[in-house]
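Reader: Hi! Could you walk me through this model, starting with the ground rules?

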Amino acid sequence: MKAIIALAGAFLATAGPAQAQQHHDGEPAAQMRVGTVTLENEGNAAAQPHFQRGLALLHNFEYSAAAEAFRAAQQADPDFALAYWGEAMTYNHPLWAEQDLVEARAALSRLGATPEVRAAKARSARELQWLGTVEALFGEGTKAERDRAYAESVRLLFDADPSDVDARAFRALSLMGLAHGGRDTGLYMQAAALLEEALPANPDHPGVLHYMIHAYDDPAHAPLGERAARRYSVVVADAGHAQHMVSHIYLALGRWPEVEAANVQAMNVVNRQRTARGQPPGHCGHFAEWLTYALMQQGRSVADLVEACRGEALSELSHRPDSTALATWRSRVVSWSDMALRQGIETGQWPAAIALPDGKYELARFTLAYARLLASTSDAGGAAKALAEMKRSRAVIAAAAPREWPHDQQTLPWIDRAVGQGEAVVLLAGGRKDEGIEALRKAAAAEAALPVPFGPPVLQKPSAELLGEVLLEAGRKAEATQAFRMALAATPNRRLAREGLEATIR
């Protein structure tokens with residue numbers, strides 16, 4: 001899944017430096033400019049710098065560093081209710097389908113053992129309302145039920161004082177957090193409307209800018225997010241995630257130099273912070289994945305970048321292997337498998353084998369099997385074997401996901417789309433062209449029916465693009481034109497789809 005602009009926000013002029021982390025590797029970063037927040041509260045003077053810093057970091061999704069800042073506020077004022085509210089909020093990641101209920105409840109329990117005891121420590125009616133939002137978020141019920149209760153409690157908080165920009169920002173985020181199955185345009189546009197109203201008076205607020213980018217980061221709405229993206233990269237100059245967020249808008253627009261520049265900037269910010277801690281630079285992760293994708297869309301080599309990430313993946317396997325069955329996008333191994341697969345699709349340089357421990361890293365194992373499938377489009381036996389490996393991994397992922405990804409409702413549908421595409425590839429490799437083309441049409445339609453994702457295509461080889469290539473090879477140019485146009489509607493200016501469309505008119 002990047003030079004620092006010397007512009008300090010008003011917040012840091014009074015509150016001092018902040019610390020944060022890359023959201024995908026959990027490593028603390030150095031001093032940061034994180035935007036301007038001024039939430040009124042009843043904490044004592046000693047707690048204020050820590051609390052406001054934590055709030056700004058929370059809006060930037062710099063969760064671990066935000067938690068540290070809120071804990072510092074607790075130490076400065078042990079009965080400061082909003083300091084515990086803030087720490088609890090750092091354990092809820094609504095747009096990533098993640099929530100640590102145990103840690104959130106533990107943070108609240110340090111304020112008081114029960115909701116009633118905690119409520120008694122609120123120093124104003126407004127603090128009581130803020131505290132009530134996390135009581136709903138981390139109370140009883142399923143995650144979906146608690147998310148709905150939280151969204152309603154934040155609505156009441158916002159309705160009580162629409163001038164409170166933080167309440168407005170969290171209201172917008174809570175709406176997007178209700179889209180458990182992926183982007184829901186109605187919810188996202190409700191969030192965007194709330195944020196648009198706040199932006200003119202709050203141009204340096206990190207939550208307003210950040211959440212607006214998330215609301216608009218799909219091809220249909222990305223032009224509306226450009227203003228927020230440009231501003232956010234300046235206001236939050238020292239956070240890797242903020243620098244990367246610019247590319248959410250530009251990738252949806254197919255503007256590859258801007259995607260490249262944003263992720264170079266993000267990686268520079270984070271690697272400077274790593275260097276300051278005596279750590280080597282990183283070459284894997286969310287920013288690196290987006291950077292390699294942007295470079296490949298410009299026809300440029302990423303071999304050195306992919307190889308550097310492979311080295312980190314091998315080091316992880318040797319020294320700090322993931323103990324779960326699936327691993328996640330935080331893993332260097334999973335990151336490398338995605339980058340290597342995309343390199344193979346773009347260049348034909350397919351990833352070399354890498355030994356994975358039995359019963360572990362199934363997400364990476366599935367990705368590498370998918371790479372072997374795509375490398376075997378003219379080898380019926382190889383394609384069938386790779387598809388069988390994908391199906392075996394798919395079964396393991398489906399069994400382990402409720403335990404390891406309990407709130408995720410988005411990954412498995414895309415894994416199923418890859419398997420469906422694999423069925424078509426096996427038919428095509430076996431010479432059953434008409435059946436394979438029909439299977440690819442169905443696979444492309446199934447992908448189009450899923451909620452619009454953000455970022456590089458979740459299915460690394462879009463079925464509509466593959467369908468266009470097969471039809472073009474068969475001389476069926478009119479049909480190929482339709483397929484490539486379908487691919488480009490979902491992935492604007494994607495190089496292979498664009499070149500395929502151009503080939504249909506030669």
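Author: Happy to; what follows is a short chat about cores, helix packing and a few single residues. This is a predicted model, so to speak of local features we need pLDDT of at least 70, side-chain atom pairs count only at pLDDT 80 or more, and totals for chains, interfaces and linings use all residues. Residues are numbered from 1 along each chain as its sequence is written, and side-chain values use heavy atoms, with hydrogens and water left out.

Reader: Great. How many residues does the largest nonpolar core have?

Author: The largest nonpolar core has 84 residues, and Trp85 and Phe170 have the most contacts inside it. A nonpolar core here is a set of buried Ala, Val, Leu, Ile, Met, Phe, Trp, Tyr and Cys residues joined through side-chain atoms within 4.5 Å. Buried means under 20% relative accessible area, exposed means over 50%, and partly exposed lies in between, using a 1.4 Å probe and protein chains only.

Reader: And which helix gives the most to this core?

Author: That is helix α9, residues 165-176, with eight residues. Helices are DSSP runs of H or I with at least four residues, strands are runs of E with at least two, and both are numbered from the N terminus.

Reader: What does Trp85 touch?

Author: Leaving out residues up to four places away in sequence, Trp85 touches Phe51, Leu55, Leu58, Trp130, Thr133, Val134 and Phe170. Contact means heavy atoms within 4.5 Å. Another core, of 71 residues, lies apart from the largest one, and its members include Ala288, Leu387, Leu427 and Leu450.

Reader: Back to α9 for a second. At what angle do α9 and α11 pack?

Author: α9 and helix α11 (residues 206-216) pack at about 20°, with their axes 10 Å apart. Axes are lines fitted to C-alpha atoms, for helices over the stretch in contact, and angles run from 0 to 180 degrees between N-to-C directions. The two helices, α9 and α11, are therefore roughly parallel to each other. For the cut-offs, angles under 35 degrees count as roughly parallel, over 145 as roughly antiparallel, 65 to 115 as roughly perpendicular, and the rest as oblique.

Reader: Nice. Is the crossing of α9 and α11 left-handed or right-handed, and which residues meet?

Author: The crossing of α9 and α11 is left-handed. By definition, a crossing is left-handed if the near helix is turned anticlockwise from the far one by less than a right angle, and right-handed if clockwise. Val165, Ala169, Phe170, Leu173 and Met176 in α9 meet Gly207, Val208, Tyr211, His214 and Ala215 in α11. By class, this contact has eight nonpolar, two polar and no charged residues. Ala, Val, Leu, Ile, Met, Phe, Trp, Tyr, Cys and Pro count as nonpolar, Asp, Glu, Lys and Arg as charged, and the others, Gly among them, as polar.

Reader: How about α3 and α4?

Author: The axes of helix α3 (residues 63-76) and helix α4 (residues 81-89) come within 8 Å and cross at roughly 160°. That makes α3 roughly antiparallel to α4. On the α3 side, the contact is made by Ala67, Phe70, Arg71, Ala73 and Gln74, and on the α4 side by Ala83, Tyr84, Gly86 and Glu87. These divide into five nonpolar, two polar and two charged residues.

Reader: And at what angle do α23 and α24 pack?

Author: Helix α23 (residues 477-490) and helix α24 (residues 495-503) pack at about 155°, with axes 9 Å apart. That makes α23 roughly antiparallel to α24. The crossing of α23 and α24 is left-handed.

Reader: Switching to loops: which residues have a positive phi?

Author: Two to look at are Phe61, with phi near 60°, and Tyr361, with phi near 55°. Most residues other than glycine have a negative phi. Phe61 is in the loop between α2 (48-59) and α3, while Tyr361 is in the loop between α17 (332-347) and α18 (362-374).

Reader: Is Tyr361 buried or exposed?

Author: Tyr361 is buried, with a relative accessible area of 0%. Phe61 is buried too, at 1%.

Reader: Last one: where is Pro457, and what does Pro457 touch?

Author: Pro457 is in the loop between α21 (433-449) and α22 (463-473). Not counting residues up to four places away in sequence, Pro457 touches Tyr293, Arg342, Pro462, Thr491 and Arg494. Pro457 and Thr491 are 34 residues apart in sequence and 7.1 Å apart in space, C-alpha to C-alpha.
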